[in-house]
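Please look over the sequence and the structure below before reading on. The paragraphs that follow lead from one strand outward to its surroundings.

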Amino acid sequence: MTAPSSKRSARADRSGNVQEVLNFLRATGPSSQATISRATGLSRATVNHIVQALRDQGAVQYEWKNKREALVCLASTKESIVTVTVTESAVHAILFDFSVQERTDLLSTHLPEYHDAAPTPSMALDLIHRLASIARQRGAPLVGAAIAIMGPIDRTTGAIAPWAWQRLPHWKQVEIQKYFVKNLRIPVIVDNDANLAALAEWSWGAGRGCSDFLNITCAQGIGGGFVINGAIYHGGTGLAGEIGHMVIEDAGDLCFCGSRGCLTSLATERAILNALPHQTVPKRSLEEVIHSAQHGDAACQRVLSETGLRLGKALATVVRVMGPRVIAIGGVLGHAGDIVMGGLRASSEIINLKAVGAGTEFRVAEIADNATELGALAAIFKEIDMGINSLSPWMLRPADPGVAEPSRTVA
Ligand SMILES: [Zn+2]
């Protein structure tokens, strides 16, 4: 999914060799020119030529190892990128300005004109235009935008899948990527929030270097995203990874998707809070449940462990079908760490997997916050042949601390 622009055209002209070097650095991290040459089969002279050209463009730089060996690493140094996360209740836009190394956040709920308004495409566009204006004034214009949608994107239509329309009613039947490309005239990537969170974990977190990776994000919803050979796996319809709507209990609660007993209705914040009805001090959020569990609350520990068991049941089936090498558990539930992971690993379905020799490793996700937003950044980097090998502290929080964190919802 690409857009026309002079910069894009220039980049599209890059040879396959350049792409190969960039992809290698993206998957492997900082590497010497000799390593790049060996891995790609390109001659040392060719690699040197490509690296010098990419350095001139500000796309790579040298990182010195022991003051002797220069490693080539991805480094975006001159331009700006915007990411937008659209949830049921808010639009969160972030300007990543690599020229001054500063992040600027805009949250629709902080703006009087949008305070209580349901997200619309024009609202998202307005926020992007505001950030683009800041970027232009700094002399680091936007070179790409990535839109993360809290809902599945049907790749046959480019719009949100019909069963999620009720959650984002103003986006119904909008061909999202076309809409933003038409109005922005820069490359635009559109993807599901859970897919993008998976790409962030693959790029800079628990899935780094893994050729077959599945990331599960659990908070108000449950989303899954596969990254296979360095790319998000969408499946033919775009709905691959929708683990939240795997049916775990035939007679379970009705889910908004129309099925019964989906993992989403059994292992999300609401399900966890509903399982704790008789607390002296009622818990209001999953964070509170995790905090109490970590401080010895037996009931909270139990419900989180049982959530792990349910995840184990679902993931065992996924492992049998897709065989990912690594599965990471992220989102708010990831903060529960061993309490949830203990339940997951203790589930009979996961134990049974070992009997058939499945070598899947389960890890806690490493990117604690903003995984979707950072994954959006990774996705547009890839689209426009840019990248970074590690996250810098300025990318992780807004320069203005008054801007609150966005919604943590995952479809
Ligand atoms: Zn469902």
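**An enclosed strand and its neighbours**

All 5 of the 5 residues of strand 9 (residues 188-192) are buried, so this strand is largely enclosed by the rest of the structure. A residue counts as buried if 20 or more other C-beta atoms, placed from the backbone, lie within 10 Å of its own, and helices (H or I, at least four residues) and strands (E, at least two) are DSSP runs, numbered from the N terminus. The model is a predicted one, in which local features need pLDDT of at least 70 and side-chain atom pairs count only at pLDDT 80 or more, whereas totals for chains, interfaces and linings use all residues. Residues are numbered from 1 along each chain as its sequence is written.

Strand 9 belongs to an open sheet of 5 strands with the order 5-4-3-6-9 and mixed pairing, where two strands are said to pair if DSSP finds at least two bridges between them. The edge strands are strand 5 (102-107) and strand 9, each of which pairs on one side only. Strand 9 pairs with strand 6 (residues 142-149) in the parallel sense over 5 bridges, and Val188 in strand 9 stands opposite Ala145. Strand 6 also pairs in the parallel sense with strand 3 (residues 80-86), over 7 bridges, and there Gly144 in strand 6 is the bridge partner of Ile81.

Two helices lie across this part of the sheet. Helix 6 lies across strand 6 and strand 9, running at about 155° to strand 9, while helix 7 (residues 193-204) lies across strand 3, strand 6 and strand 9, at about 105° to strand 9; these angles run from 0 to 180 degrees between N-to-C directions, with axes that are lines fitted to C-alpha atoms, for helices over the stretch in contact. The buried residues of helix 6 (residues 176-184) are Ile176, Gln177, Tyr179, Phe180 and Val181, and they pack against helix 5 (121-137), strand 6, strand 8 (159-160) and strand 9, a contact meaning that two C-beta atoms, placed from the backbone, lie within 7 Å. Helix 6 is followed by Arg185, whose phi is positive, near 60°.

Elsewhere, the buried residues of helix 9 (residues 286-294) are Leu286, Val289, Ile290 and Ala293. They cover an arc of only 95° around the axis, which puts them on the same side of helix 9; the arc is that of the directions from the helix axis to the C-beta atoms. These buried residues pack against helix 8 (269-274), helix 10 (298-322) and helix 11 (338-346).

How values were computed
Buried ≥ 20, exposed ≤ 12 C-beta atoms within 10 Å, placed from the backbone.
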